[in-house]
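Student: Can we go through this one together? I'd like to talk about charged pairs and then the sheet.

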Amino acid sequence: MNILQALFFPPEQPGGVSSMVPYITEKFNKRGWDMELFSLPRRVRGKGTEPVTFNTFDWTRYAGNPIVDKYIQTYKDYVWWTKLRIRKSYDLIHAHHPIAALAIKEVFPDTAVIVTVHSSYEGELLLNGKIEGGGPEQLFLTSIYGEMEARLDQILTVSNSFKGYISEFIQDPDRIGVIPNGYDEKRFRPISHENEVAQLITVCRLVPAKGLETLLQACAMLKERGHPFVLHIIGDGPSRTELEELAKELNLYEEIIFYGYMLHPEEFMPFFDIFVLPSKAEAFGSVFAEAALCLLALVGTNVGGVAEQIENGRNGLLVESGDAPALSQALEKVVVDPTYRYQLARAASEKAKKSYSLNRVIRQLRGVYERYGK
């Protein structure tokens with residue numbers, strides 16, 4: 001079967017989706033499937049000019065809004081780039097972003113197109129304070145789910161929690177399948193080590209939605225109680241300067257290292273002890289599974305797909321989003337007790353290997369592909 005994997009970001013760009021799909025493609029190719037990748041390069045902007053029409057709603061009532069206009073222009077660019085670069089037909093196309101899915105379907109109307117929705121763009125904008133709830137941006141972006149339902153052959157997502165969210169915006173929620181992300185264990189090599197001082201690590205884009213201000217507040221409380229630690233922050237984003245200033249205000253700057261963006265943090269992660277990320281929302285939370293496979297103890301928030309990965313007290317610790325005192329207490333448990341954090345890390349690793357194996361994803365996707373492919 002000849003299949004196209006249509007990404008939004010190129011594979012070398014940051015993000016769990018862009019880094020995971022090439023491994024899926026490689027696995028299928030080794031099994032004799034004909035599969036290739038396609039994406040919209042960063043340099044392609046403002047090229048598309050064809051008018052955009054959706055079947056289920058009139059997007060032009062939102063025209064003039066900067067976020068909506070940028071979304072529509074990106075859609076036009078994806079159509080333009082697809083027509084320019086793709087000269088062959090496919091038995092099936094698997095897209096990994098709403099823009100990629102709908103644009104590809106416009107170019108290949110007679111080809112089966114399925115989409116995996118990995119995250120909520122409108123949710124991210126809301127949490128990062130870029131839009132207001134109920135505003136035109138949210139109404140436009142949530143209408144896209146109905147358009148996908150009408151035009152695409154299958155909608156997939158990465159957690160039951162996120163399926164529940166999308167279900168509010170479509171007619172038939174039973175059409176949504178759930179295939180959690182998967183990871184090639186060979187990429188993750190736990191390393192035996194003994195750190196005299198507990199080493200905490202977080203990996204994320206530095207934006208308000210990740211809750212890092214809560215993490216810094218929790219760490220300040222941890223320091224006040226006399227527990228030594230080092231927090232390593234891998235990632236970059238618009239909140240970096242603000243977070244660095246907050247670290248100084250909280251007298252934490254000596255305990256924190258800001259690294260900036262790193263392409264393969266899984267190569268760095270095994271040398272640490274505790275992974276912590278107090279997100280305000282996560283469709284899945286790929287980095288938790290990656291940290292588990294690196295044999296780190298997990299501390300997260302009771303949101304979305306994170307809560308589906310972590311059973312509090314068994315394979316990690318969960319606290320409510322925004323609760324700095326509770327997060328500080330959870331961190332204290334794993335900072336002061338190496339045996340306990342190892343027990344949590346071992347349980348998390350075992351679950352990740354069982355539940356988030358890339359081979360499991362391959363089996364599930366193969367069933368979907370055989371159902372919809374020519």
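Tutor: A salt bridge here is a side-chain nitrogen of Lys or Arg within 4 Å of a carboxyl oxygen of Asp or Glu. Keep in mind that this is a predicted model.

Student: How many salt bridges does the count come to by this rule?

Tutor: The count is 15. One of them joins the side chains of K83 and E50, at 2.7 Å from N to O.

Student: Where do K83 and E50 lie?

Tutor: K83 is in helix α2, residues 66-85, and E50 is in the loop between β2 (34-38) and α2, so the pair ties together parts that are 33 residues apart in sequence.

Student: What is the relative accessibility of K83, and what is the relative accessible area of E50?

Tutor: K83 has 37% and counts as partly exposed. E50 has 36% and is partly exposed too.

Student: OK, next pair. Which side chain does E255 meet in a salt bridge?

Tutor: That of K223, at 3.1 Å from N to O. E255 sits in the loop between α8 (240-249) and β9, and K223 in helix α7 (residues 212-224), so this pair ties together parts 32 residues apart in sequence.

Student: Is E255 buried or exposed?

Tutor: Buried: the relative accessible area of E255 is 15%, and the cut-off for buried is under 20%. K223, with 28%, is partly exposed.

Student: And what about R314 and E311?

Tutor: Their side chains meet in a salt bridge at 3.1 Å, N to O. R314 is partly exposed at 39% relative accessibility, and E311 is partly exposed with a relative accessible area of 45%.

Student: Which residues are joined into one network by salt bridges that share partners?

Tutor: D236, R240 and E244.

Student: Switching to the sheet. What is the strand order in the open sheet?

Tutor: Its six strands run β9-β8-β7-β10-β11-β12, with parallel pairing. The edge strands, β9 (256-260) and β12 (317-319), each pair on one side only. On average, neighbouring strands are turned by 20° against each other, ignoring direction.

Student: How many bridges are there between β7 and β10?

Tutor: Two, in the parallel sense, between β7 (residues 198-203) and β10 (residues 274-277). The bridge partner of L200 in β10 is I274.

Student: Which strands does helix α11 touch?

Tutor: Helix α11 (residues 324-336) packs on the sheet and touches β7, β10, β11 (297-301) and β12. The direction of α11 makes about 165° with that of β12.

How values were computed:
Residues are numbered from 1 along each chain as its sequence is written. This is a predicted model: local features need pLDDT of at least 70, side-chain atom pairs count only at pLDDT 80 or more; totals for chains, interfaces and linings use all residues. Side-chain values use heavy atoms; hydrogens and water are left out. Two strands pair if DSSP finds at least two bridges between them. Helices (H or I, at least four residues) and strands (E, at least two) are DSSP runs, numbered from the N terminus. Axes are lines fitted to C-alpha atoms, for helices over the stretch in contact, and angles run from 0 to 180 degrees between N-to-C directions. Contact means heavy atoms within 4.5 Å. Buried means under 20% relative accessible area, exposed over 50%, partly exposed in between (1.4 Å probe, protein chains only).
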